[in-house]
Amino acid sequence: MEGAACFGASGGRRSPSGLEGSSWPFLTNCLTPPPLASTLSLSRLGATTLAMVKHNNVIPNQHFHKHWQERVRVPFGKAAQKKARRMKRAAKAAAMAPRPTQLLRPEVHCQTQRYSSKVRLGRGFTLAELKAAGIAPKMARTIGICVDKRRTNKSEEALQANVERLKTYKSKLVLFPRRTSKAKAGDASPEEVAAATQYSGVILPVDQSKDAEVEFAEVTEEMKTFGARSSIRVARNEHKLVGRRISIAKAKAAN
């Protein structure tokens with residue numbers, strides 16, 4: 001091929017005439033076009049190859065344009081808010097004077113076996129506790145006693161403790177008469193009314209300093225042979241069947 005030119009690896013212009021069998025390897029295929037620039041590897045051009053991420057990772061999606069400087073909250077008004085809360089408490093106490101600022105609440109045990117030994121203030125007194133203390137539920141709400149009709153007493157000790165709490169509160173209570181000209185039974189005298197002051201704070205707070213007394217007892221043979229689980233199972237079954245047995249007994253008596 002006359003006038004044809006071949007491009008070697010160095011990119012120089014060479015004439016093909018008289019070079020057959022030459023030792024130049026880049027001139028063996030003179031008619032092959034040079035590789036495209038897009039097919040060159042990036043490593044030969046001096047760039048690093050980027051590998052695809054592996055595994056099921058979270059796709060990077062950072063947001064750095066949030067303008068957080070415009071939404072910065074500074075605590076410059078804490079002192080003013082503290083003063084406003086104090087003035088609001090004082091105004092509320094003055095509006096409800098001479099009644100106490102808080103209500104009487106019962107002593108209850110915390111939930112779960114881990115915290116059941118701790119005592120705290122509960123939501124309200126049960127109907128059984130109010131009945132044992134001689135206070136009607138409707139009357140209790142009017143003299144500053146919380147009532148919780150959903151709570152039930154699970155032990156006699158807790159019941160008696162809250163009953164004593166109600167009696168102590170009742171003994172210290174100064175009940176103002178609705179009509180000064182006509183006082184009812186249980187109302188305070190005019191001298192007690194004049195000397196009464198408003199009580200602020202928790203009424204009869206729980207004494208957390210006292211520790212429960214631990215009692216030791218000898219293990220008897222009766223304790224060793226007693227089956228607690230079987231006794232509870234039998235008692236539960238008796239309670240379940242008591243209504244059916246009563247109906248069967250009435251049916252036999254009628255026949």
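The largest pocket is lined by 39 residues, and those nearest its centre are Ile 143, Tyr 169, Leu 173, Val 174 and Leu 175. This description rests on a predicted model. The protein contains 8 helices and 4 strands, and 14% of its 255 residues count as buried. The points below treat the pocket, the overall architecture, helix H8, two buried residues and the local backbone geometry.

**Largest pocket**

- The space within the largest pocket amounts to about 1,300 Å³.
- By residue class, the lining of the largest pocket comprises 23 nonpolar, 9 charged and 7 polar residues.
- Two helices, H4 (137-142) and H5 (156-172), each contribute at least two residues to the lining of the largest pocket.
- H5 provides the largest share of that lining, with 4 residues.

**Overall architecture**

- Along the sequence, the order of elements is β-β-α-β-α-β-α-α-α-α-α-α.
- Considering contacts between residues at least 6 apart in sequence, 52% join residues at least 24 apart.

**Helix H8**

- Helix H8 covers residues 228-254, a run of 27 residues.
- At 1.5 Å a residue, H8 should span 39 Å, and its end C-alpha atoms are indeed 39 Å apart, so the expected and computed values agree.
- H8 nevertheless carries a kink of about 45 degrees, which is centred on Leu 241.

**Arg 165, a buried charged residue**

- Arg 165 is situated in helix H5, the helix that gives the largest share of the pocket lining.
- The relative accessible area of Arg 165 is 8%, which is under the 20% limit, and the residue therefore counts as buried.
- Setting aside residues up to four places away in sequence, Arg 165 touches Leu 104, Arg 105, Pro 106, Glu 107, Leu 121, Phe 125, Ile 203 and Leu 204.
- Among these partners, Leu 204 is placed in the loop between helix H6 (190-195) and helix H7 (221-225).

**Ile 135, a buried loop residue**

- Ile 135 belongs to the loop between helix H3 (127-133) and H4.
- With a relative accessible area of 8%, Ile 135 is buried.
- Beyond its neighbours within four places in sequence, Ile 135 is in contact with Leu 130, Ala 140, Ile 143, Ile 145, Leu 166 and Lys 170.
- One of these contacts, Ile 143, is also among the residues nearest the centre of the largest pocket.
- Ile 135 and Lys 170 are 35 residues apart along the chain, and their C-alpha atoms are separated by 9.3 Å.

**Local backbone geometry**

- The peptide bond joining Ala 97 and Pro 98 is cis, with omega about 5 degrees.
- Pro 98 is located in the loop between helix H1 (78-96) and strand E3 (107-109).
- Thr 112 is not a glycine, yet its phi is positive, at about 65 degrees.
- Thr 112 lies in helix H2, which comprises residues 112-115.
- The relative accessibility of Thr 112 is 54%, which is over the 50% limit, so Thr 112 counts as exposed.
- Leu 204 is another residue other than glycine with a positive phi, in this case near 50 degrees.
- Leu 204 has a relative accessibility of 23% and therefore counts as partly exposed.
- Leu 204 thus combines a positive phi with a contact to the buried Arg 165.

Terms used: Residues numbered from 1 in each chain as written. Predicted model: local features only at pLDDT ≥ 70, side-chain atom pairs only at ≥ 80, totals over all residues. Heavy atoms only, no water. 1 Å grid on protein atoms, 1.4 Å probe; cavity = no way out; pocket = protein on both sides within 12 Å on 5 of 7 lines; lining within 4 Å. Points joined across faces, edges and corners; volume = space filled by probe spheres on them. Nonpolar A, V, L, I, M, F, W, Y, C, P; charged D, E, K, R; others polar. Expected span 1.5 Å × (residues − 1). Bend = angle between axes of the 7 residues up to and from the residue. Buried < 20%, exposed > 50% of the residue type's maximum accessible area, 1.4 Å probe, protein only. Contact = heavy atoms within 4.5 Å.
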